[in-house]
Amino acid sequence: MDSIGHYINGARVAGTSGRTADVFNPATGEVQAQVALAGKAELDRAVADAAAAQPAWGATNPQKRARVMMEFVRLLNRDMDKLAEALSREHGKTLPDAKGDVQRGLEVVEFCIGAPHLLKGEFTDSAGPGIDMYSMRQPLGVVAGITPFNFPAMIPMWKMAPALACGNAFILKPSERDPSVPLMLAELLSEAGLPDGVLQVVNGDKEAVDAILDNETIQAVGFVGSTPIAAYIYARGCANGKRVQCFGGAKNHMIVMPDADMDQAADALIGAGYGAAGERCMAISVAVPVGDETADRLIEKLVPRIEKLKVGPYTAGADVDYGPVVTAAAKEKILGLVQSGIDQGAELVVDGRDFSLQGYEDGFFVGPHLFDRVTPEMDIYRQEIFGPVLSCVRAPSYDAALALAMDHEYGNGTAIFTRDGDAARDFASRINIGMVGINVPIPVPLAYHTFGGWKKSGFGDLNQHGPDAFRFYTRTKTVTARWPSGLKDGGEFHFKAMD
Ligand code: NAD
């Protein structure tokens, strides 16, 4: 049985709290490792060491910090297969999907190579007589990131790469469900030249999270995970005077207009609804066909595609469409919600409840489900299921479809499938959701844009990655400078306009 500890001051270390959690192989249901759960004392020590290491890193010129990121990119590419295998083994997603997880993180590291440019301040020559004004972006000091299980490579990189490139020290508290890849990333950063102590990976659960939120040295916290925890972390972190951004859960709607290419829409829904077993915050979990005829055509296209889906372990090869969900508890929750859908009157068109895989009977596999005639008051519509369950809500008109997405409490992503540019434009302009796809089902913005949801999907005012991340992980200092020429003519006691 493997023991997974922490990464402190440039080396793997064992936990000392005496508390551990099981790490499963979701495909077999077996416990494959024990991960250490840090207590407050361990967290506080890691932060103190990071605080000691940060000033020298913050004073290193941004170009040199960018070179560490450049080398990190090379090492990520070198170890791509190894990282993807470790990721699939603990998360359960297919190998191509695991590589995508690493790749989408790597792209943010690439963006961070532009740190020297992104950190440039503003300058006004002669803001007043003999006066120049300029601003600097300075690192915050020690900052922290708390990340979810579903992207154990990508989201830690989204958090730590910009924070480090800005000159901060970073405390990463990854998900305790799949902790191996974040530790491998830390080793690669050390190999790339990051000084010891500047990145500390502290594994743990609520106890470590609370220690982060209450630690007075930590200046900012970036969180990604479910909405109730996001709300909790936002409130406690802000109450303790920290800068906090929290990204929460989702219920992403895809509107299918009567003029959409129905094959394209059905293909998109299969990938976006069932890929990664539905365990993506940008998964489409609600299809909204406009009009009954559109709905009938869509369901007719979806059913054979869903019945053909191959569910299996990542080791079974490239034709597996999706793997198991992350834990037995996740499987139980999903099947419980499926039962509630049946009880509350939705029509279960594809029933995956009896799915079982020979040789993997104890794995956490869930067969694909499709519900039709779902209504807004049902639990399967209101709650994030985070599993391979797609709900179809029939809307009588475009305005009704738009209102459904707008009235839902989550606002992470959404999409519209149509051939009508006017409808697409109206949708993108009016919808109160952070990321919008037009004939694109999973509109995850690339590294040089920013990612963030609205409503209960995002707390705080800046998005993650892209230029916003450089704003989040720095503070602005503005300097007004006068170098007098000629004779000094005494003090100035009035608050003066620059005229
Ligand atoms: P989660 O909220 O259970 O856990 C996220 C992190 O919070 C983990 O590090 C975990 O250890 C910690 N945590 C869990 N319970 C806690 C508690 N009571 N107190 C303090 N900390 C606690 O989320 P998850 O199951 O790991 O991830 C899935 C969720 O993340 C989904 O809701 C998904 O939509 C969301 N997600 C959102 C985005 C986004 O960008 N909006 C991206 C990925 C995932």
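Strand E7 (residues 131-139) and strand E23 run antiparallel in this predicted model, and 9 bridges join them. One of the pairings links Met-133 of E7 to Thr-480, its bridge partner in E23. The two strands belong to an open sheet of 3 strands, ordered E6-E7-E23 and paired antiparallel. Strand E6 (123-128) and strand E23 (474-482) sit at the edges; each has a single partner strand, so one side of each is left without a neighbour in the sheet. Going from one strand to the next, the twist averages 30°.

This little sheet is just one piece of the fold. The whole protein comes to 16 helices and 23 strands. According to the UniProt annotation, from an unreviewed entry, residues 16-479 are covered by "domain: Aldehyde dehydrogenase". Over that stretch, helix makes up 41% of the chain and strand 21%, while the C-alpha atoms at its two ends are 46 Å apart.

Now for the overall dimensions. Along the principal axes, the C-alpha atoms fill a box of roughly 85 × 60 × 40 Å. The radius of gyration is 25 Å, which agrees with the value near 23 Å that a compact globule of 499 residues would have. As for burial, 51% of the 499 residues count as buried. Sequence-distant pairs also show up plenty in the contact list: taking contacts with a separation of 6 or more, 71% come from residues 24 or more positions apart.

What about the nonpolar interior? In soluble globular proteins, nonpolar side chains tend to be buried together. Here, the largest nonpolar core holds 85 residues. Touching the most other members are Met-157, Ile-171, Leu-199, Ile-212, Val-221 and Ile-233. Helix H6 (residues 154-165) is the top contributor to this core, giving 9 residues. Apart from this core lies another, made up of 67 residues, including Met-254, Val-290, Val-325 and Ala-346.

Ile-212 gives a closer look at how the largest core is wired. Which residues is Ile-212 in contact with, once its neighbours within four places in sequence are left aside? The contacts run to Leu-43, Ala-144, Ile-146, Ile-171, Lys-173, Ile-218 and Val-221. Among these partners, Ile-171 and Val-221 also appear with Ile-212 in the group that touches the most other members of the core.

How values were computed: Residues are numbered from 1 along each chain as its sequence is written. This is a predicted model: local features need pLDDT of at least 70, side-chain atom pairs count only at pLDDT 80 or more; totals for chains, interfaces and linings use all residues. A nonpolar core is a set of buried Ala, Val, Leu, Ile, Met, Phe, Trp, Tyr and Cys residues joined through C-beta atoms within 7 Å. A residue is buried if 20 or more other C-beta atoms lie within 10 Å of its own, exposed if 12 or fewer, and partly exposed in between; C-beta atoms are placed from the backbone. Helices (H or I, at least four residues) and strands (E, at least two) are DSSP runs, numbered from the N terminus. Two residues are in contact if their C-beta atoms, placed from the backbone, lie within 7 Å. Two strands pair if DSSP finds at least two bridges between them. Axes are lines fitted to C-alpha atoms, for helices over the stretch in contact, and angles run from 0 to 180 degrees between N-to-C directions. The radius of gyration is taken over C-alpha atoms; the globule rule is 2.2 Å times the number of residues to the power 0.38. UniProt positions are given in the numbering used here, feature names are shortened, and annotations may be inferred rather than shown by experiment.
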